[in-house]
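Subject: Structure for your reading

Dear colleague,

Please find below the structure that I am handing over to you. I would be grateful if you read the notes after it with the model open beside them.

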Amino acid sequence: MNIAMLGSGFIARFYATTLHAQRRKDRILSVYSRNTSHAKKFAADFGLNKYGSEMEKIIQDPEVDAVIVALPNHLHEEAVLACVAAQKAVLCTKPLGRNASEAKRMLEAVEKAGIFAGYLEDLCYTSKFLKSLASIKAGNLGKILWTKSREAHPGPHSDWFWDKEQSGGGAIIDLGCHCVEISRNFIGKSIRPVEVMCWAATQVHPIDAEDHAIGLVKYENGAIGQFEVSWTFRGGMDLRDEVMGTEGTVWLNSFLRTGFEMFTTGKGENYIAEKAESDSGWLFPVGDESHELGYPQMFSDMFDAMEQGIEPQETFYDGYVVNAILDAAFLSAKSKKWEKVILEDWRGDSGIREEKSQVSYDEKYYLIKKEILPNGAEKVILKDKVTGEIKQKTIRD
Ligand SMILES: NC(=O)c1ccc[n+]([C@@H]2O[C@H](COP(=O)([O-])OP(=O)(O)OC[C@H]3O[C@@H](n4cnc5c(N)ncnc54)[C@H](O)[C@@H]3O)[C@@H](O)[C@H]2O)c1
């Protein structure tokens, strides 16, 4: 693929580093930045022939096969619509929109134009995530009851993130979009998210947006997806997920503990890892950040899907559902009540009821729990199928 990169900032550099690493065949051809000198510098750093400060011109270049939108949130819609006008495949970074209305307009535009569109949700592509998901889909965790996803760091690196108008919100929109999509994958994308309860506050920074939030997303089958996001967390970038099912558990730590620990008095000059706050003492560097964050796996899926004419794992529709869930979170943070997730376009299952499975112990009782005590004794806790009485029975003294 010949790729046009829109934006020359933080994520554009991460994407470019990924795409031009390890002899990959998909290459960036050109870059757009509103500031020509930034575009020129980016082009020089990544060996690109073309750069410019006119977005449409870069997109319309006949040599371009796909466009990556790596611009601030308030420019995603404009950039996606420019790709639609030029009939170019488009890959857009997260969050898709600042809200569900924006995301829905983008979704409808790409579908109407019949162009390939992918949602660049990298954290749903890390090796750990993909293996956990495969394991969950194979039934190893049984029915998923509760997922917890946490992204917390000391706050983003550019002005526009902190301005609610341009970003669409604070930590909820910036980090919650990752957590919500991680949980949706684990719970099952076909399960409808129904309502959200969220606490949000601006605890530290002089901004209008929230710098800390916790939310619960309730799904139609009774599962709960919990998100915890913060721009006030100290100590680096904390990316952790937990999945709890009727048959098992998964715990993931994607960044602060990747198995690389280092102590230094701080004599040298070194980059440790994204959002690391210290370069001395005990440190937790990350070997290949792009890989740990899922970028190579994500681009492979996107370009494979494009070539095969199929949908990628993360689509604009997913981006729209995420925005709808976050809209409800913002409402709930204000109303302090459960707020409905409004999905005018729902493509998953409908009318799923919460199932509660009762394990039969014998004809008379259900089994609640089997326990082996420290002294080796074994007992079962049972419920009478008719009277509902709960009692225990010793199996071994
Ligand atoms: N893990 C991830 O997937 C991830 C991580 C970081 C950022 N992002 C997303 O990437 C996008 C860009 O974030 P970033 O971290 O690269 O930001 P950044 O500030 O580092 O870079 C933004 C780029 O857009 C340009 N820009 C800023 N305002 C502009 C304007 N008004 N008109 C035209 N160009 C403008 C900047 O010059 C820069 O090239 C955001 O949507 C963000 O949410 C995704």
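Which residue in β4 does alanine 4 stand opposite? Alanine 4 stands opposite valine 67. Please keep in mind that the model is predicted.

The pair belongs to two neighbouring strands, β1 (residues 2-6) and β4 (residues 66-69), which run parallel and are joined by 4 bridges. Both strands are part of an open sheet of 6 strands, whose order is β3-β2-β1-β4-β5-β6 and whose pairing is parallel. At the edges stand β3 (50-52) and β6, each of which pairs on one side only. From one strand to the next, the twist averages 20 degrees.

Helix α1 lies across four strands of the sheet, namely β1, β2 (27-32), β4 and β5 (89-93). With respect to β1, α1 runs at about 160 degrees.

The UniProt record places the feature "domain: Gfo/Idh/MocA-like oxidoreductase N-terminal" at residues 1-114, in an unreviewed entry. Over residues 1-114, the chain is 46% helix and 20% strand. The end C-alpha atoms of this stretch are 18 Å apart.

I turn next to the domains. The chain is divided into domain 1 (2-122), domain 2 (124-293 + 315-340) and domain 3 (365-396). The centres of domain 1 and domain 2, taken over C-alpha atoms, are separated by 24 Å. To their contact, domain 1 brings 26 residues and domain 2 brings 24 residues.

Which elements give two or more residues to the side of domain 1 that touches domain 2? They are α1 (10-19), α5 (100-113) and β6 (117-120). Of these, α5 gives the most, with 6 residues. Sorted by class, this side of domain 1 has 13 nonpolar, 8 polar and 5 charged residues.

Helix α1 also meets helix α10 (residues 295-308): their axes come within 9 Å and cross at roughly 75 degrees. That angle makes α1 roughly perpendicular to α10. On the α1 side, the residues that meet α10 are Phe14, Tyr15, Thr18 and Leu19. Their counterparts in α10 are Tyr295, Pro296 and Phe299. By class, the contact of α1 with α10 has 6 nonpolar residues, 1 polar residue and no charged residues.

Further along the chain, strand β8 (residues 193-201) deserves your attention. It runs antiparallel to strand β9 (residues 212-219), and 8 bridges join the two. Within this pair, tryptophan 199 has isoleucine 214 in β9 as its bridge partner. Strand β8 also pairs with strand β15 (residues 339-340), in the antiparallel sense and over 2 bridges. There, glutamate 195 stands opposite lysine 340 in β15.

Finally, there is a second open sheet to examine, with 3 strands in the order β16-β17-β18 and antiparallel pairing. Why is one side of β16 (365-372) and of β18 (390-396) left without a neighbour in the sheet? Both stand at the edges with a single partner strand each, so one side of each has no neighbour there. In this sheet the twist averages 25 degrees from one strand to the next. Strand β17 (residues 378-384) and β18 run antiparallel and are joined by 6 bridges. The bridge partner of glutamate 378 is arginine 396 in β18.

With kind regards

Notes. Residues numbered from 1 in each chain as written. Predicted model: local features only at pLDDT ≥ 70, side-chain atom pairs only at ≥ 80, totals over all residues. Domains from an automatic or database assignment. Contact = placed C-beta atoms within 7 Å. Nonpolar A, V, L, I, M, F, W, Y, C, P; charged D, E, K, R; others polar. Pairing = 2+ DSSP bridges. Axes fitted to C-alpha atoms, helices over the stretch in contact; angles between N-to-C directions. Parallel < 35°, antiparallel > 145°, perpendicular 65-115°, else oblique. UniProt positions renumbered as here; feature names shortened; annotations may be inferred.
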